Amino acid sequence: MYMINDETGQLDTITQALSRSLFSISDHTEWCAIAAAALVLVKGTNNRLEFDDFLKPTFLKFLFSVIVIHMLWDWNIYNGILKYIVLVIITWLFVFVLIHTGLREIQELRIESGE
């Protein structure tokens, strides 16, 4: 359905297909990765995922951020390329922050274990 023009019901142009492909570097996969990484972050070293983990403020903050980014991505009030570029940058900033947090946690665990 992504490649069907809402107004005409016809297939979109190759330009539209290429732009969708270009901006797919920051969409559902990255948004899911942000939410999943946040869940791992709040879970910590517990062996089991608990329902309470889904209610922790850190997880909810990242989940809400992903929801807002997705909402802005789909919002038709402004469809210029600038909107997508800004949302790609914001998404990847979240990804890099979570990667950095994970690497820092690994380093701390290595120090604690005496490696």
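**Helix packing around V95 and W31**

V95 is located in helix α4. In this predicted model, the residue has a relative accessibility of 13% and is therefore classed as buried, the cut-off being under 20%. When neighbours within four places in sequence are set aside, the contacts of V95 are with E30 and I34. A35 lies 60 residues from V95 in sequence, and the C-alpha atoms of the two residues are 9.8 Å apart.

V97 also belongs to helix α4. With a relative accessible area of 46%, V97 is partly exposed. Its C-alpha atom is separated by 9.6 Å from that of I34, a residue 63 positions away along the chain.

Helix α4 comprises residues 81–113. Its 33 residues should span 48 Å at 1.5 Å a residue, and the C-alpha atoms at its ends are 48 Å apart, so the expected and modelled lengths agree. The buried set of α4 consists of K83, Y84, L87, V88, T91, V95, L98 and T101. The cover over these buried residues includes α2 and α3. Immediately after α4, G114 adopts a positive phi of about 85 degrees.

Helix α2 covers residues 28–43. It contains 16 residues, and the distance from its first C-alpha to its last is 22 Å, close to the 22 Å expected at 1.5 Å a residue. E30, W31, I34, A35, A38, L39 and V42 are the buried residues of α2, and they pack against α3 and α4. A positive phi of about 65 degrees is found at G44, just after α2.

Within α2, W31 has a relative accessibility of 3% and therefore counts as buried. Apart from neighbours within four places in sequence, W31 is in contact with S26, V66, I69, H70, W73 and T91. Of these, V66, I69, H70 and W73 are among the α3 residues that meet α2, while T91 is one of the buried residues of α4. The C-alpha atom of W31 is 14 Å from that of I99, and the two residues are 68 residues apart along the chain.

The packing of two helices is described by the angle between their axes and the distance between the axes. For α2 and α3 (residues 57–74), the axes come within 8 Å and cross at roughly 170 degrees. The two helices are therefore roughly antiparallel to each other. On the α2 side, the contact is formed by H28, W31, I34, A35, A38, L39, L41 and V42. The α3 side contributes T58, F59, F62, L63, V66, I69, H70 and W73. By class, this contact has 13 nonpolar and three polar residues, with no charged residues.

Confidence was also examined for the model as a whole. The mean pLDDT of the protein is 85, with 91% of its residues at 70 or more. Among the elements of the protein, α3 has the highest mean pLDDT, 94, and helix α1 (residues 14–22) the lowest, 72. Where pLDDT is low, predicted coordinates should not be read in detail.

Key. Residues numbered from 1 in each chain as written. Predicted model: local features only at pLDDT ≥ 70, side-chain atom pairs only at ≥ 80, totals over all residues. Heavy atoms only, no water. Axes fitted to C-alpha atoms, helices over the stretch in contact; angles between N-to-C directions. Helix = DSSP H or I, 4+ residues; strand = E, 2+ residues; numbered from the N terminus. Parallel < 35°, antiparallel > 145°, perpendicular 65-115°, else oblique. Contact = heavy atoms within 4.5 Å. Nonpolar A, V, L, I, M, F, W, Y, C, P; charged D, E, K, R; others polar. Expected span 1.5 Å × (residues − 1). Buried < 20%, exposed > 50% of the residue type's maximum accessible area, 1.4 Å probe, protein only. pLDDT = per-residue confidence, 0-100.
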